[in-house]
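Please look through the structure shown here, beginning with its nonpolar interior and moving outward from there to the strands and helices.

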Amino acid sequence: MEIYWYLTAPDGHQPWTASGSRQVNYAYFQQLARAVDHLGFTGALLATGAHDPWILGASLIPYTERMKFLIAIQPGLISPTLLAKMAVTFNQFSKGRVLLNVVSGDKNTLSAYGMHLDHDARYALSDEFLQVLRPLLNEESVNFKGEHLDVENAKLALSNGGYPPPPLWFGGSSESAQEVAAKHIDTYLSWGETPPQAAEKIAQVKAKAEKHHRQLRYGIRLYVIVRETDELAWQAVDALYATMDDKAIAARQQLANGSDSVGQSRMSALHNDQKPADPRELEIYPGLWAGIGLVRPGPGTAIVGSPETVERTLRAYQDAGVEVFILSGFPLLEEAYRFSELVMPRLNLSQSEQQPDNSFTWGNLWDRPLDPEEKPR
(Lines give C-alpha, C1' and ligand atoms only; values in the text may rest on other atoms or scores of the structure.)
Protein backbone atom coordinates (compact mmCIF):
# COMPACT_ATOMS: atom_id res chain seq x y z
CA MET A 1 0.00 0.00 0.00
CA GLU A 2 1.31 3.44 -0.97
CA ILE A 3 -0.19 6.63 0.45
CA TYR A 4 0.11 9.92 -1.42
CA TRP A 5 -1.18 13.29 -0.24
CA TYR A 6 -2.43 16.28 -2.25
CA LEU A 7 -0.46 19.44 -3.02
CA THR A 8 -2.83 21.64 -5.00
CA ALA A 9 -4.90 24.74 -4.21
CA PRO A 10 -7.51 25.70 -3.09
CA ASP A 11 -7.24 24.88 0.59
CA GLY A 12 -8.72 25.82 3.93
CA HIS A 13 -11.22 24.53 6.46
CA GLN A 14 -14.03 25.01 3.89
CA PRO A 15 -12.33 26.20 0.70
CA TRP A 16 -15.64 26.50 -1.16
CA THR A 17 -16.43 29.53 1.07
CA ALA A 18 -14.69 32.88 1.31
CA SER A 19 -14.37 32.71 5.08
CA GLY A 20 -13.11 29.12 5.03
CA SER A 21 -10.46 29.58 2.36
CA ARG A 22 -6.77 29.83 3.15
CA GLN A 23 -4.13 31.77 1.28
CA VAL A 24 -2.07 29.27 -0.68
CA ASN A 25 1.31 30.75 -1.58
CA TYR A 26 4.86 29.54 -1.96
CA ALA A 27 5.59 29.60 1.77
CA TYR A 28 2.52 27.46 2.41
CA PHE A 29 3.50 24.97 -0.30
CA GLN A 30 6.90 24.65 1.36
CA GLN A 31 5.16 23.75 4.63
CA LEU A 32 2.97 21.19 2.90
CA ALA A 33 5.84 19.59 1.00
CA ARG A 34 7.98 19.33 4.11
CA ALA A 35 5.09 17.74 5.99
CA VAL A 36 4.49 15.17 3.25
CA ASP A 37 8.21 14.49 3.13
CA HIS A 38 8.79 13.82 6.82
CA LEU A 39 5.45 12.31 7.84
CA GLY A 40 6.01 9.15 5.81
CA PHE A 41 3.76 9.66 2.78
CA THR A 42 5.07 8.10 -0.42
CA GLY A 43 4.62 11.39 -2.25
CA ALA A 44 2.08 13.96 -3.37
CA LEU A 45 -0.11 14.72 -6.37
CA LEU A 46 0.46 18.10 -7.99
CA ALA A 47 -2.77 18.32 -9.96
CA THR A 48 -3.96 20.76 -12.61
CA GLY A 49 -5.07 23.87 -10.78
CA ALA A 50 -4.28 27.51 -10.20
CA HIS A 51 -0.51 26.95 -10.05
CA ASP A 52 1.59 25.37 -12.76
CA PRO A 53 2.55 21.92 -11.40
CA TRP A 54 5.97 21.85 -13.09
CA ILE A 55 7.14 25.15 -11.65
CA LEU A 56 5.63 24.28 -8.28
CA GLY A 57 7.26 20.84 -8.17
CA ALA A 58 10.68 21.99 -9.32
CA SER A 59 10.68 24.79 -6.76
CA LEU A 60 10.04 22.30 -3.95
CA ILE A 61 12.83 19.83 -4.75
CA PRO A 62 15.31 21.53 -2.37
CA TYR A 63 12.78 21.38 0.49
CA THR A 64 12.27 17.62 0.26
CA GLU A 65 14.40 14.51 0.43
CA ARG A 66 12.21 11.46 -0.18
CA MET A 67 8.70 12.40 -1.35
CA LYS A 68 7.77 11.62 -4.95
CA PHE A 69 6.21 14.29 -7.15
CA LEU A 70 3.21 13.04 -9.14
CA ILE A 71 2.90 15.85 -11.69
CA ALA A 72 -0.14 16.32 -13.91
CA ILE A 73 0.53 16.63 -17.65
CA GLN A 74 -2.01 17.32 -20.41
CA PRO A 75 -1.50 15.96 -23.95
CA GLY A 76 -2.24 18.59 -26.56
CA LEU A 77 -1.09 21.50 -24.43
CA ILE A 78 2.60 20.66 -24.80
CA SER A 79 4.83 18.78 -27.22
CA PRO A 80 5.64 15.24 -26.05
CA THR A 81 9.31 15.86 -26.87
CA LEU A 82 9.44 19.02 -24.77
CA LEU A 83 7.51 17.29 -21.99
CA ALA A 84 10.00 14.39 -22.00
CA LYS A 85 12.87 16.89 -21.77
CA MET A 86 11.25 18.54 -18.75
CA ALA A 87 10.48 15.23 -17.07
CA VAL A 88 13.98 13.80 -17.49
CA THR A 89 15.51 17.04 -16.25
CA PHE A 90 13.27 16.89 -13.18
CA ASN A 91 14.15 13.21 -12.73
CA GLN A 92 17.87 14.03 -12.68
CA PHE A 93 17.56 16.97 -10.32
CA SER A 94 15.19 15.22 -7.90
CA LYS A 95 17.20 11.96 -7.93
CA GLY A 96 14.48 9.88 -9.53
CA ARG A 97 11.44 11.27 -7.70
CA VAL A 98 9.15 12.35 -10.55
CA LEU A 99 5.99 10.53 -11.71
CA LEU A 100 3.74 11.70 -14.55
CA ASN A 101 -0.04 11.78 -14.25
CA VAL A 102 -1.48 11.96 -17.77
CA VAL A 103 -4.70 14.01 -17.75
CA SER A 104 -6.77 14.02 -20.93
CA GLY A 105 -9.11 16.65 -19.43
CA ASP A 106 -12.54 17.69 -20.66
CA LYS A 107 -13.80 20.17 -23.21
CA ASN A 108 -14.79 22.73 -20.56
CA THR A 109 -11.29 23.21 -19.23
CA LEU A 110 -9.29 22.64 -22.41
CA SER A 111 -11.23 25.12 -24.54
CA ALA A 112 -9.71 27.93 -22.47
CA TYR A 113 -6.30 26.81 -23.74
CA GLY A 114 -7.43 26.80 -27.37
CA MET A 115 -7.85 23.03 -27.59
CA HIS A 116 -11.17 21.91 -29.07
CA LEU A 117 -11.35 18.13 -29.38
CA ASP A 118 -14.27 15.91 -28.53
CA HIS A 119 -14.02 13.13 -25.95
CA ASP A 120 -12.78 10.28 -28.15
CA ALA A 121 -10.45 12.53 -30.13
CA ARG A 122 -8.73 13.59 -26.89
CA TYR A 123 -8.03 9.97 -26.02
CA ALA A 124 -6.82 9.30 -29.56
CA LEU A 125 -4.42 12.21 -29.06
CA SER A 126 -3.34 10.78 -25.69
CA ASP A 127 -2.65 7.44 -27.35
CA GLU A 128 -0.38 9.07 -29.93
CA PHE A 129 1.23 11.32 -27.31
CA LEU A 130 2.19 8.33 -25.17
CA GLN A 131 3.61 6.45 -28.16
CA VAL A 132 6.08 9.31 -28.50
CA LEU A 133 6.59 10.15 -24.82
CA ARG A 134 7.33 6.70 -23.42
CA PRO A 135 10.32 5.81 -25.63
CA LEU A 136 11.76 9.30 -25.16
CA LEU A 137 11.61 8.84 -21.38
CA ASN A 138 13.42 5.55 -21.95
CA GLU A 139 16.19 7.47 -23.75
CA GLU A 140 15.24 6.11 -27.19
CA SER A 141 14.89 7.80 -30.58
CA VAL A 142 11.40 8.38 -31.99
CA ASN A 143 9.89 8.87 -35.42
CA PHE A 144 6.11 8.94 -35.41
CA LYS A 145 3.37 10.09 -37.76
CA GLY A 146 -0.27 9.93 -36.70
CA GLU A 147 -3.49 11.86 -37.04
CA HIS A 148 -2.54 14.41 -34.37
CA LEU A 149 1.27 14.20 -34.08
CA ASP A 150 4.10 14.16 -36.61
CA VAL A 151 7.48 13.78 -34.87
CA GLU A 152 10.78 13.37 -36.72
CA ASN A 153 14.13 12.29 -35.29
CA ALA A 154 13.26 13.03 -31.68
CA LYS A 155 15.85 12.11 -29.06
CA LEU A 156 16.80 13.75 -25.81
CA ALA A 157 20.30 15.08 -25.30
CA LEU A 158 20.28 14.02 -21.65
CA SER A 159 19.63 10.86 -19.68
CA ASN A 160 17.74 10.02 -16.50
CA GLY A 161 21.04 10.14 -14.64
CA GLY A 162 20.97 6.45 -13.80
CA TYR A 163 17.49 6.63 -12.24
CA PRO A 164 14.52 4.68 -13.65
CA PRO A 165 12.46 6.52 -16.29
CA PRO A 166 9.47 8.44 -14.84
CA PRO A 167 6.46 6.07 -14.54
CA LEU A 168 3.18 6.98 -16.22
CA TRP A 169 -0.11 7.30 -14.31
CA PHE A 170 -3.52 7.88 -15.85
CA GLY A 171 -7.23 8.08 -15.04
CA GLY A 172 -10.34 7.78 -17.15
CA SER A 173 -13.56 5.80 -16.89
CA SER A 174 -14.66 5.55 -20.52
CA GLU A 175 -13.88 2.61 -22.80
CA SER A 176 -11.45 4.69 -24.84
CA ALA A 177 -9.68 5.89 -21.70
CA GLN A 178 -9.33 2.36 -20.35
CA GLU A 179 -7.88 1.20 -23.64
CA VAL A 180 -5.22 3.93 -23.57
CA ALA A 181 -4.34 2.95 -20.00
CA ALA A 182 -4.13 -0.73 -20.92
CA LYS A 183 -1.67 -0.01 -23.74
CA HIS A 184 0.65 2.53 -22.12
CA ILE A 185 0.19 3.20 -18.41
CA ASP A 186 1.93 1.89 -15.29
CA THR A 187 -0.66 2.96 -12.67
CA TYR A 188 -4.37 3.37 -13.46
CA LEU A 189 -6.32 5.77 -11.22
CA SER A 190 -10.01 5.95 -10.33
CA TRP A 191 -11.96 8.63 -8.50
CA GLY A 192 -13.81 7.87 -5.28
CA GLU A 193 -16.09 5.02 -6.21
CA THR A 194 -17.01 2.30 -3.72
CA PRO A 195 -14.78 -0.79 -3.32
CA PRO A 196 -17.19 -2.98 -5.34
CA GLN A 197 -17.29 -0.39 -8.13
CA ALA A 198 -13.49 -0.09 -8.02
CA ALA A 199 -13.15 -3.88 -8.24
CA GLU A 200 -15.41 -3.96 -11.29
CA LYS A 201 -13.43 -1.23 -13.05
CA ILE A 202 -10.08 -2.82 -12.17
CA ALA A 203 -11.29 -6.10 -13.66
CA GLN A 204 -12.23 -4.30 -16.89
CA VAL A 205 -8.86 -2.55 -17.22
CA LYS A 206 -6.95 -5.67 -16.22
CA ALA A 207 -8.67 -7.66 -18.99
CA LYS A 208 -7.78 -4.98 -21.53
CA ALA A 209 -4.16 -4.86 -20.33
CA GLU A 210 -3.79 -8.62 -20.61
CA LYS A 211 -4.62 -8.37 -24.31
CA HIS A 212 -1.53 -6.17 -24.64
CA HIS A 213 0.50 -8.54 -22.42
CA ARG A 214 0.81 -5.91 -19.74
CA GLN A 215 0.20 -5.65 -15.99
CA LEU A 216 -0.80 -2.40 -14.29
CA ARG A 217 -1.02 -1.12 -10.74
CA TYR A 218 -4.25 0.46 -9.56
CA GLY A 219 -4.92 3.53 -7.44
CA ILE A 220 -7.77 5.72 -6.23
CA ARG A 221 -8.24 9.38 -5.28
CA LEU A 222 -10.26 10.04 -2.10
CA TYR A 223 -10.77 12.54 0.69
CA VAL A 224 -10.46 11.43 4.29
CA ILE A 225 -12.17 12.72 7.45
CA VAL A 226 -10.60 10.84 10.36
CA ARG A 227 -11.13 11.57 14.06
CA GLU A 228 -10.52 9.62 17.24
CA THR A 229 -14.02 8.05 17.06
CA ASP A 230 -16.66 7.49 14.39
CA GLU A 231 -18.97 9.87 16.21
CA LEU A 232 -16.41 12.68 16.16
CA ALA A 233 -15.71 12.05 12.47
CA TRP A 234 -19.39 12.36 11.57
CA GLN A 235 -19.61 15.51 13.69
CA ALA A 236 -16.83 16.91 11.48
CA VAL A 237 -18.94 15.95 8.46
CA ASP A 238 -21.91 17.82 9.95
CA ALA A 239 -19.76 20.94 10.37
CA LEU A 240 -18.58 20.77 6.74
CA TYR A 241 -22.07 20.06 5.45
CA ALA A 242 -23.47 23.14 7.18
CA THR A 243 -21.18 25.33 5.03
CA MET A 244 -22.32 23.79 1.74
CA ASP A 245 -24.90 26.38 0.84
CA ASP A 246 -26.81 26.80 -2.41
CA LYS A 247 -24.22 29.25 -3.74
CA ALA A 248 -21.34 26.80 -3.27
CA ILE A 249 -23.31 23.94 -4.81
CA ALA A 250 -24.36 26.07 -7.78
CA ALA A 251 -20.75 27.13 -8.38
CA ARG A 252 -19.67 23.48 -8.61
CA GLN A 253 -22.58 22.65 -10.91
CA GLN A 254 -21.64 25.51 -13.21
CA LEU A 255 -18.11 24.10 -13.52
CA ALA A 256 -19.50 20.68 -14.44
CA ASN A 257 -22.18 21.88 -16.85
CA GLY A 258 -21.49 20.56 -20.34
CA SER A 259 -18.57 18.40 -19.20
CA ASP A 260 -18.01 15.30 -21.32
CA SER A 261 -15.98 13.56 -18.60
CA VAL A 262 -17.34 10.08 -17.87
CA GLY A 263 -15.56 10.10 -14.51
CA GLN A 264 -17.27 13.35 -13.53
CA SER A 265 -20.68 11.97 -14.48
CA ARG A 266 -20.01 8.89 -12.32
CA MET A 267 -19.09 11.14 -9.39
CA SER A 268 -22.17 13.32 -9.85
CA ALA A 269 -24.39 10.22 -9.89
CA LEU A 270 -23.32 9.47 -6.32
CA HIS A 271 -25.21 12.53 -5.02
CA ASN A 272 -27.38 13.58 -8.02
CA ASP A 273 -26.68 17.24 -7.22
CA GLN A 274 -29.13 16.99 -4.33
CA LYS A 275 -28.43 18.11 -0.76
CA PRO A 276 -30.63 16.11 1.64
CA ALA A 277 -31.33 17.43 5.13
CA ASP A 278 -29.29 14.65 6.71
CA PRO A 279 -25.72 14.27 5.40
CA ARG A 280 -25.78 10.58 6.33
CA GLU A 281 -28.15 10.06 3.39
CA LEU A 282 -25.08 10.56 1.19
CA GLU A 283 -23.23 7.65 2.79
CA ILE A 284 -22.89 5.46 -0.31
CA TYR A 285 -21.03 2.59 1.38
CA PRO A 286 -20.10 1.98 5.03
CA GLY A 287 -17.71 4.78 5.92
CA LEU A 288 -17.85 6.45 2.48
CA TRP A 289 -19.52 9.84 2.10
CA ALA A 290 -20.28 11.48 -1.28
CA GLY A 291 -21.13 14.94 0.06
CA ILE A 292 -17.89 16.67 -0.90
CA GLY A 293 -18.82 16.15 -4.55
CA LEU A 294 -21.59 18.70 -4.05
CA VAL A 295 -19.05 21.53 -3.79
CA ARG A 296 -15.85 20.20 -5.36
CA PRO A 297 -15.35 19.08 -8.99
CA GLY A 298 -13.60 15.81 -9.74
CA PRO A 299 -13.37 13.19 -6.98
CA GLY A 300 -15.95 13.89 -4.30
CA THR A 301 -15.93 10.89 -1.94
CA ALA A 302 -14.50 10.89 1.58
CA ILE A 303 -13.59 8.05 3.91
CA VAL A 304 -15.18 8.98 7.24
CA GLY A 305 -14.54 7.48 10.64
CA SER A 306 -12.18 6.48 13.40
CA PRO A 307 -8.69 5.17 12.65
CA GLU A 308 -10.13 1.65 12.81
CA THR A 309 -12.91 2.51 10.35
CA VAL A 310 -10.55 4.30 7.96
CA GLU A 311 -8.15 1.37 8.00
CA ARG A 312 -11.01 -1.06 7.38
CA THR A 313 -12.16 0.97 4.38
CA LEU A 314 -8.64 1.20 2.96
CA ARG A 315 -8.31 -2.56 3.36
CA ALA A 316 -11.61 -3.04 1.51
CA TYR A 317 -10.16 -1.10 -1.41
CA GLN A 318 -6.95 -3.08 -1.13
CA ASP A 319 -8.94 -6.32 -1.36
CA ALA A 320 -10.56 -4.91 -4.50
CA GLY A 321 -7.12 -4.51 -6.09
CA VAL A 322 -6.15 -0.94 -5.13
CA GLU A 323 -2.48 -0.53 -4.22
CA VAL A 324 -2.11 3.25 -4.29
CA PHE A 325 -4.18 5.88 -2.44
CA ILE A 326 -4.11 9.63 -3.14
CA LEU A 327 -5.76 11.24 -0.13
CA SER A 328 -6.48 14.73 1.17
CA GLY A 329 -8.44 16.55 3.84
CA PHE A 330 -9.42 20.06 4.88
CA PRO A 331 -7.06 21.79 5.51
CA LEU A 332 -4.30 19.87 3.79
CA LEU A 333 -1.58 20.66 6.32
CA GLU A 334 -3.41 19.83 9.54
CA GLU A 335 -5.11 16.75 8.10
CA ALA A 336 -1.81 15.38 6.81
CA TYR A 337 -0.56 15.38 10.38
CA ARG A 338 -3.81 13.93 11.70
CA PHE A 339 -3.82 11.08 9.17
CA SER A 340 -0.15 10.31 9.73
CA GLU A 341 -0.62 10.14 13.49
CA LEU A 342 -3.94 8.27 13.64
CA VAL A 343 -3.89 5.96 10.62
CA MET A 344 -0.41 5.50 9.17
CA PRO A 345 0.93 3.45 12.11
CA ARG A 346 -1.84 0.89 11.45
CA LEU A 347 -1.00 0.31 7.78
CA ASN A 348 2.25 -1.68 7.99
CA LEU A 349 3.84 0.35 5.22
CA SER A 350 7.16 -0.74 3.77
CA GLN A 351 10.25 0.53 5.57
CA SER A 352 10.88 3.23 2.97
CA GLU A 353 7.38 4.62 3.47
CA GLN A 354 7.12 4.46 7.25
CA GLN A 355 7.24 7.55 9.37
CA PRO A 356 10.70 8.55 10.57
CA ASP A 357 11.65 8.08 14.19
CA ASN A 358 9.81 10.85 16.00
CA SER A 359 10.71 9.49 19.44
CA PHE A 360 11.40 12.87 21.03
CA THR A 361 8.58 14.22 23.16
CA TRP A 362 8.51 16.79 25.92
CA GLY A 363 7.73 13.91 28.25
CA ASN A 364 10.95 12.20 27.23
CA LEU A 365 12.86 15.37 27.99
CA TRP A 366 11.55 15.66 31.54
CA ASP A 367 11.61 11.93 32.31
CA ARG A 368 15.24 11.27 31.47
CA PRO A 369 18.07 11.92 33.98
CA LEU A 370 19.72 15.30 33.57
CA ASP A 371 23.28 15.16 32.28
CA PRO A 372 25.57 16.81 34.84
CA GLU A 373 27.16 18.86 32.04
CA GLU A 374 23.78 20.01 30.77
CA LYS A 375 22.59 23.25 32.25
CA PRO A 376 18.87 24.05 32.34
CA ARG A 377 17.87 27.00 30.17
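In this predicted model, the largest nonpolar core holds 91 residues, and within that core Leu-100, Leu-133 and Phe-339 touch the most other members. Helix H5, which spans residues 119-137, supplies the largest share of this core, with eight residues. Apart from this core lies another one, made up of 20 residues, among which are Trp-16, Tyr-223, Ile-225 and Leu-282. In soluble globular proteins, nonpolar side chains tend to be buried together.

Phe-339 is a useful residue to follow from here. If its neighbours within four places in sequence are left aside, Phe-339 is in contact with Ile-3, Trp-5, Phe-41, Val-224, Val-226, Val-310, Leu-314, Leu-327, Met-344 and Leu-347. Two of the residues in that list, Ile-3 and Trp-5, lead to strand E1, which covers residues 2-6.

Strand E1 is mostly covered, with five of its five residues buried. Which residues of E1 point one way, and which the other? Glu-2, Tyr-4 and Tyr-6 point one way, while Ile-3 and Trp-5 point the other way, and all of them are buried. In a regular strand the side chains alternate between the two faces of the sheet. Ile-3 and Trp-5, which point together, are also both among the contacts of Phe-339.

Strand E1 also has strand partners. With strand E15, residues 324-328, E1 runs parallel and is joined by three bridges, and in E15 the bridge partner of Ile-3 is Phe-325. With strand E4, residues 43-46, E1 likewise pairs in the parallel sense over three bridges, and here Trp-5 stands opposite Ala-44.

From the strands, the reader can turn to a pair of helices. Helix H7, residues 195-211, and helix H11, residues 307-320, have axes that come within 8 Å and cross at roughly 20°. Because angles under 35 degrees count as roughly parallel, H7 is roughly parallel to H11. The crossing in which H7 passes H11 is right-handed, and the residues that meet there are Pro-195, Ala-198, Ala-199 and Ile-202 in H7 and Ala-316, Tyr-317 and Ala-320 in H11. Helix H11, at residues 307-320, also includes Val-310 and Leu-314, both of which are in contact with Phe-339.

It remains to set these parts within the chain as a whole. The secondary structure of the chain comes to 13 helices and 15 strands, and of its 377 residues, 52% count as buried. Among contacts in the chain between residues at least 6 apart in sequence, 74% join residues that are at least 24 apart.

Definitions and conventions: Residues are numbered from 1 along each chain as its sequence is written. This is a predicted model: local features need pLDDT of at least 70, side-chain atom pairs count only at pLDDT 80 or more; totals for chains, interfaces and linings use all residues. Side-chain values use heavy atoms; hydrogens and water are left out. Buried means under 20% relative accessible area, exposed over 50%, partly exposed in between (1.4 Å probe, protein chains only). Helices (H or I, at least four residues) and strands (E, at least two) are DSSP runs, numbered from the N terminus. Two strands pair if DSSP finds at least two bridges between them. A nonpolar core is a set of buried Ala, Val, Leu, Ile, Met, Phe, Trp, Tyr and Cys residues joined through side-chain atoms within 4.5 Å. Contact means heavy atoms within 4.5 Å. Axes are lines fitted to C-alpha atoms, for helices over the stretch in contact, and angles run from 0 to 180 degrees between N-to-C directions. Angles under 35 degrees count as roughly parallel, over 145 as roughly antiparallel, 65 to 115 as roughly perpendicular and the rest as oblique. A crossing is left-handed if the near helix is turned anticlockwise from the far one by less than a right angle, and right-handed if clockwise.
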